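Work through these short exercises with the model open. Try each task before reading its solution.

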Amino acid sequence: MELKPFQIEDWLNLHEQKIRWHLSESCAHPFTVQQFLDCCHEPADQLLSCHLGYDDIIGSEQLRTEIAGLYEHISKDSIAVAVGISNANVMAMMEFLKPGMKMLTPTPTYDHFTNFAESIGVHVYPFEFDDRKPFDLDSFLDQMKGMDAVGIVNPNNPTGYTFSREEITKIKHQAEQCGCLLIVDEAYRFMTLDEHTSFAEDSDRVIVTGGLSKAIGLPGLRVGWIISSKKNIDLINSRRNYHIIALSPLQDRLACIALSHTDILLKRTEAVIQANTAYLHGWLKDNPMFSISLSHGSLHLLHAPFNSAAFSEYLYQKYQLLLAPGECFNESNCWRLSLSIDPEVLKQGLQIISEESKTWKE
Ligand SMILES: Cc1ncc(COP(=O)(O)O)c(C=O)c1O
């Protein structure tokens, strides 16, 4: 199995050790365990009675019920738990994608539905879209014809593009007509201000992944999941003993706490994205050299007409400012900007970018 480098993660791992301003951090600001429990008004001592055995191999009933509650018409039997969304994506792709299949994927995107799918013999057909223009849905629906699968990251990483309920209905209808599988990574669901519709459905043809890493702000808890028909979920669960076996009961317990307080946790994230969106729009007026994607939420591509890889490296070396270049997504003249970060970090970081861009020479 040949696997190409995971460009964005490799770039972040290389640079993340020594930073002052991280403008590409994709999660809501992560908590310590104590901060998290305080935020949810939950006592810490309940964790001490957690039994560290091979309990609830497929995830506790409470956890699967709480996850199902995030979706319309989904029951706990349609949920398979995973170690983060990455593991959910990989389990889903290994189970449902086969060598020789043709898969359409909107790009730029996260490397799972391109590189990993290719590594298991899938022929990936990129549907390249310009993030500053409306998504050409008609052309996408047309290109779905003849495909075995469609792989979508919604909201998209890095552009933030988010399909509306109406677009999702059309894509699902077309998938039904073409007999193709829909595999959708919803890692960034609830990281948008106005559109949270999920593709999830109790169907053999629809496989959706999600987790607690982004909007909930618990990437270190490593909890993700897959949603599909009971038949598909039973299949995934029958294979789990070959790799993850189970989540730790501690992960399960903390995830249950998070999911029973999504009102508090999502409000925290939304308030930050709202404040940062307002600030960014003001900044763009003063910095007309820059423009952003048509995004509804936390992730944007920030565009400017100069070498993004070189500018990122310069900002990192001079300020320890981290701004992931578009090159991590096979794009140029742009950077992935996240609006779920601390507003003060965004403000100071954009001020540095503004000053440096005025004198920048390649
Ligand atoms: C689209 C997408 N899917 C999955 C992941 C990985 O999520 P997790 O940390 O829960 O494995 C990321 C992380 O950045 C992501 O951007």
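This is a predicted model.

**Exercise 1. The ligand shell**

Find which helix gives the largest share of the shell around the ligand.

Solution. Start with the helix. Helix α4, residues 84-96, supplies three residues, the largest share of the shell. Next, list the shell itself. It has 13 residues around the ligand, and Gly84, Ile85, Ser86, Ala187 and Ser213 are the closest. Finally, sort by type. The shell holds five nonpolar residues, seven polar and one charged.

**Exercise 2. Two domains**

Describe how domain 1 and domain 2 touch.

Solution. First set the bounds. Domain 1 covers 7-32 + 263-356, and domain 2 covers 52-260. Their centres, taken over C-alpha atoms, lie 25 Å apart. Now count the contacts. On domain 1, 29 residues are in contact with 28 residues of domain 2. Then look at the domain 1 side. At least two residues each come from α1 (7-15), α10 (262-286) and β10 (299-303). The most, six residues, come from α10. By type, this side splits into 12 nonpolar, 14 polar and three charged.

**Exercise 3. Strand β8**

Place strand β8 (residues 224-227) among its partners and work out where its residues point.

Solution. Take the partners in turn. Strand β2 (residues 79-82) runs antiparallel to β8, joined by four bridges. Here Ile79 stands opposite Ile227. Strand β7 (residues 206-211) also pairs with β8 in the antiparallel sense, over four bridges. There Thr209 has Ile226 as its bridge partner. Now the faces. In a regular strand, side chains alternate between the two faces of the sheet. In β8, Gly224 and Ile226 point one way, Trp225 and Ile227 the other. All four named residues are buried.

Terms used: Residues numbered from 1 in each chain as written. Predicted model: local features only at pLDDT ≥ 70, side-chain atom pairs only at ≥ 80, totals over all residues. Near = placed C-beta within 6 Å. Nonpolar A, V, L, I, M, F, W, Y, C, P; charged D, E, K, R; others polar. Domains from an automatic or database assignment. Contact = placed C-beta atoms within 7 Å. Buried ≥ 20, exposed ≤ 12 C-beta atoms within 10 Å, placed from the backbone. Pairing = 2+ DSSP bridges.
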